[in-house]
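Grab the model and work through these exercises at your own pace. Each task comes with a solution that goes step by step.

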Amino acid sequence: MMLESVLVKQVTTKEELEKVFDLEREIWQDTYEPMHQMLKEDLNSTLLVGAYLEGELIGFSYGDGDRSSEGVLYSHLLGIKRQYREIGVGELLKLKQKELADELGYTKCQWLFEPLEARTAYLYFTKLRAYGTAYIENREPEMGEASAIPTDRLIVEWNIQDEDHIRWDAKIDELKDSAAEIVPSSLTIVGLPVLDSEHQFDSDISYLKDAYTLAIPSSFMKIKVESPSLAEDWRYKTRTIFQTLFRQGYMIVCLTPTNEHVSHYLFVKRTLFAM
């Protein structure tokens with residue numbers, strides 16, 4: 001299996017760093033913004049991880065933080081060559097980042113991502129067991145991102161030193177069984193998913209159940225291309241729901257692929273998890 005041949009390690013030399021810059025340029029091309037503008041002068045004070053296949057750099061992750069204060073590593077970039085994005089390299093990079101951050105004394109990792117990208121959400125929440133805690137509207141677009149709709153982001157947090165996966169998974173499975181769908185999704189006449197077509201969601205009421213599920217498109221990119229107005233509808237409806245549930249003390253702990261059209265986030269009361 002190709003993934004078993006991938007070596008993931010910390011980037012520590014200037015030569016390795018130049019290869020990262022080259023790959024960054026290749027991935028983001030015209031929208032490339034040199035990473036060295038973000039890097040601290042001392043390479044040892046950052047956490048830069050590379051993934052190598054037969055000696056070739058095929059992916060990297062970059063983060064930094066201040067261990068002396070809050071102990072949070074902020075993950076800024078994750079880049080993978082296009083032909084290797086479906087084989088699990090992103091997971092390997094994040095797990096190595098976690099391992100090294102633990103050795104350096106960090107207690108938590110934090111980053112931002114597009115909340116309607118189901119494949120990425122599945123990696124972060126379901127496979128890595130991170131959790132979503134807050135929502136940001138209209139963040140400045142990232143490298144390579146061009147969109148006619150607002151570029152909102154979720155704040156993702158990841159406990160570095162908590163390895164009690166059995167307890168975490170068991171509690172999530174229990175909450176999945178009792179969760180209520182907060183609003184329904186359906187299909188348009190051309191087979192694209194639409195959320196809450198009857199406008200049932202009410203942000204002014206109190207939500208009391210331990211857990212709720214919320215549909216997102218299985219392919220938000222497809223909707224953005226085929227129906228920009230529907231993509232905008234997904235953005236504003238989910239934005240309201242995210243913000244309402246976060247404000248009322250919920251967090252995201254999982255994303256479950258449901259069918260070819262939608263996946264479902266699982267929102268749970270934060271008081272049920274000792275975060």
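Two strands count as paired if DSSP finds at least two bridges between them. Keep in mind that this is a predicted model.

**Exercise 1.** Work out how strand E4 is paired on each side and what unit it builds with helix H2 and E5.

*Solution.*
- Start with E3, residues 56–65, and E4, residues 72–80: seven bridges join them, and the two strands run antiparallel. With a cut-off of at least two bridges, that pair qualifies.
- For one contact in this pairing, take phenylalanine 60, whose bridge partner in E4 is glycine 79.
- Now go to strand E5, residues 108–113, which pairs with E4 in the parallel sense over three bridges. Here tyrosine 74 stands opposite glutamine 110 in E5.
- Finally, add helix H2 (residues 89–104): E4, H2 and E5 make a β-α-β unit, and it is right-handed.

**Exercise 2.** Find out how many aromatic pairs the structure holds, then classify the pair of tryptophan 28 and phenylalanine 60.

*Solution.*
- The count comes to 17 aromatic pairs.
- For tryptophan 28 and phenylalanine 60, the centres are 6.3 Å apart and the planes make an angle of 70°. Planes over 60 degrees apart count as edge-to-face, so that's the class of this pair.
- Next, place the two residues: tryptophan 28 belongs to helix H1 (residues 14–28) and phenylalanine 60 to strand E3, so the pair links distant parts of the chain, 32 residues apart.
- Both tryptophan 28 and phenylalanine 60 are buried.
- Try the recipe again on tyrosine 207 and tyrosine 212: 5.6 Å centre to centre and 90° between the planes, edge-to-face once more. These two tyrosines are buried as well.

**Exercise 3.** Which lysine lies over the face of tryptophan 111, and which aromatic cluster does Trp111 belong to?

*Solution.*
- Lysine 94 does the job, at 3.6 Å from the ring centre of tryptophan 111.
- The ring below belongs to one aromatic cluster, whose members include Trp111, Phe113, Tyr124, Trp158 and Phe267.
- For a second example, look at lysine 171: its charged end sits over the ring of phenylalanine 273, 5.1 Å from the centre.

**Exercise 4.** How much space lies in the largest cavity, and which residues are closest to its centre?

*Solution.*
- Count cavities of 30 Å³ or more and you get one.
- The largest cavity holds about 100 Å³ of space.
- Eleven residues line it, and the closest to its centre are Arg129, Asn159, Asp162, His165 and Trp168.
- Strand E7 (153–159) and helix H4 (165–178) are the elements giving two or more residues to this lining.

How values were computed. Residues numbered from 1 in each chain as written. Predicted model: local features only at pLDDT ≥ 70, side-chain atom pairs only at ≥ 80, totals over all residues. Heavy atoms only, no water. Helix = DSSP H or I, 4+ residues; strand = E, 2+ residues; numbered from the N terminus. Right-handed = clockwise from strand over helix to strand, strands pointing away. Phe/Tyr/Trp six-rings, centres within 6.5 Å; stacked < 30°, edge-to-face > 60°. Buried < 20%, exposed > 50% of the residue type's maximum accessible area, 1.4 Å probe, protein only. Lys NZ or Arg CZ within 6 Å of the ring centre and 35° of its normal. 1 Å grid on protein atoms, 1.4 Å probe; cavity = no way out; pocket = protein on both sides within 12 Å on 5 of 7 lines; lining within 4 Å. Points joined across faces, edges and corners; volume = space filled by probe spheres on them.
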